[in-house]
Amino acid sequence: MRFLLLTLALSALFAYQQVGAEPAAVYPHSDSDENNSVGLPPVPIPANNPQTTAKIGLGDKLFHDKRLSVDGTVSCANCHDEKKAFTDGLSVSIGHHGLAGTRNAPTVLNAAFNRSQFWDGREPDLEGQSKQPLINPVEHGLTNHKQVLEIVRTDPDYLATFQTVFEVSAKKLTIDHVAQAIASFERTLVAGNSSFDRYYFKGQTDAMSDAQVRGFQLFIGRGRCVSCHTIEQDHALFTDSRFHNIGIGINRIQQDIPRLTEAFLEAKNKGGQVDVLVLTDKKSSELGRFAVTDELSQIGAFKTPTLRNVELTAPYMHDGSLKTLKEVMVHYNNGGVNNAGEPVNDFLSGGIRPLNLTEPQLDDLVAFMTALTSSKYANPTTAQAAN
Ligand code: HEC
Ligand code: HEC
């Protein structure tokens, strides 16, 4: 136990050093929960984009600024709403003029730890990610990044802050500065300290209920969940950062795969952007990681999402097709199909097989999922709604 505490103290110290002079935790919330980072590794901060309070504040403003859209109604926060644990609660997101995309908005909470961004990992980091929605035709809907800069340049407050933070004049301001500020803000949106963290990393044996403890045993045992939703010795992000086909959405395109893959590669060769192609066409969206790597074996494979705060982020999966955590457990128990006995798809991950768990065991797994809610976001009303 003493060793564990020492490791935690050291990693906290390390986290502090990595973020530089300003500890991220003091912003944007005056964080009353000093244990917020229990169970998390240090936040990785790129050497070329150190955290500063002014830059984080600038990113916060950009993240919430609806002016950065074609009709003045869409900000990042529309789809990543703090009140909904940084999601939108919809199956698939809605952008400007009510246009629907094809995918479910993942939470931005703890996205700072992702080794790649988006369900198909098409962007390596938060900086790269943040530039895409601004010019996506079904999200912010701007035509190009110049328009973003024009909007920013008309606001004297923005200009003054960009000048202080990046030491650039209005003329020299680029979309990369905008992206860096947004990413810095997002690196403050981290939350650990769930019941599970207190149970597992702090040794508080009473932090989880009996059902949650049974669910945890299934999670690391017969459910084999931990093989993809990983837990390390001193922290847990519940993702292996890899891509797997677990049988979601793919059945909708099964017959169409030869034509779809060919058409997709052709569109890409003609200069089509993956971000636009997958978010504007339902069927192309289902190609998953294939859209990025062109590898047939990765058709229908999506990034393993974190399970932290999953109780608050329904509906589930890349297409938002599963409404409750119980439906998710049934899908796994059936071996990767919604209804028991349906044929599985040709590209299904070898890690997905029928689990033969009983109904009460599925409920225990759901109970365990609710042990992953950070105390900072725990809300008794939503907790009940998810059960
Ligand atoms: C119209 C809704 C919408 C808007 C506006 C929007 N997003 Fe998203 N966001 C999504 C959806 C949907 C995805 C998943 C898309 C995909 O994987 O192809 C996503 C993915 C992400 C991810 C990746 C998370 C992960 O786990 O991979 C991050 C980070 C993110 N958005 C941040 C932002 C930022 C920053 C902005 C503003 C510049 C923004 N979003 C604007 C809907 C939206
Ligand atoms: C082979 C790897 C793998 C295994 C094993 C696995 N998962 Fe997943 N999990 C994934 C991937 C990949 C997704 C996203 C799939 C998609 O959207 O197409 C996912 C999605 C989820 C989601 C939805 C999260 C969200 O934000 O939408 C939950 C909940 C979940 N898994 C829980 C579990 C549980 C519980 C188990 C064990 C019974 C388990 N997983 C086993 C890879 C795996």
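This is a short dialogue about reading two ligand shells and a few backbone features in a predicted model.

Reader: Let's start with ligand 1. Which residues come nearest to ligand 1?

Author: Begin with the residues around a ligand, then pick out the nearest ones. Here 28 residues surround ligand 1, and C76, C79, F118, W119 and P133 come nearest. Two or more residues each are supplied to this shell by helix 3 (76-79), helix 4 (126-134) and helix 11 (274-280).

Reader: Which helix gives the most to the shell around ligand 1?

Author: That is helix 4, with five residues.

Reader: And how many residues of each class does the shell around ligand 1 have?

Author: Sorting by class is a handy next step. Around ligand 1 there are 16 nonpolar, 10 polar and two charged residues.

Reader: Now for ligand 2. Which residues come nearest there?

Author: We can go through it in the same order. The nearest of the 27 residues around ligand 2 are C225, C228, Y316, H318 and G351. Helix 14 and helix 15 (359-369) are the elements that give two or more residues to this shell. Helix 14 gives the most, with three residues. By class, the shell around ligand 2 holds 17 nonpolar, nine polar and one charged residues.

Reader: I would like to try the backbone too. What is the omega of the peptide bond from A314 to P315?

Author: Omega is the angle to look at for a peptide bond. From A314 to P315 omega is near -5 degrees, and the bond is cis. As for its place in the chain, P315 sits in the loop between strand 2 (302-303) and helix 14 (325-333).

Reader: What about phi? Where is E167 found?

Author: For phi, look at the sign and at the residue type. E167 is not a glycine, yet its phi is positive, at about 55 degrees. E167 belongs to the loop between helix 6 (156-166) and helix 7 (175-186).

Reader: Is E167 buried or exposed?

Author: Count its C-beta neighbours. E167 counts as exposed because it has 8 of them inside 10 Å, and the cut-off for exposed is 12 or fewer.

Reader: F238 has a positive phi as well. Is F238 buried or exposed?

Author: Take the angle before the count. F238 has a phi of about 60 degrees and is not a glycine. F238 lies in the loop between helix 9 (210-220) and strand 1 (243-244). With 21 C-beta neighbours inside 10 Å, F238 counts as buried, since the cut-off for buried is 20 or more.

Definitions and conventions: Residues numbered from 1 in each chain as written. Chains lettered and ligands numbered in written order. Predicted model: local features only at pLDDT ≥ 70, side-chain atom pairs only at ≥ 80, totals over all residues. Near = placed C-beta within 6 Å. Helix = DSSP H or I, 4+ residues; strand = E, 2+ residues; numbered from the N terminus. Nonpolar A, V, L, I, M, F, W, Y, C, P; charged D, E, K, R; others polar.
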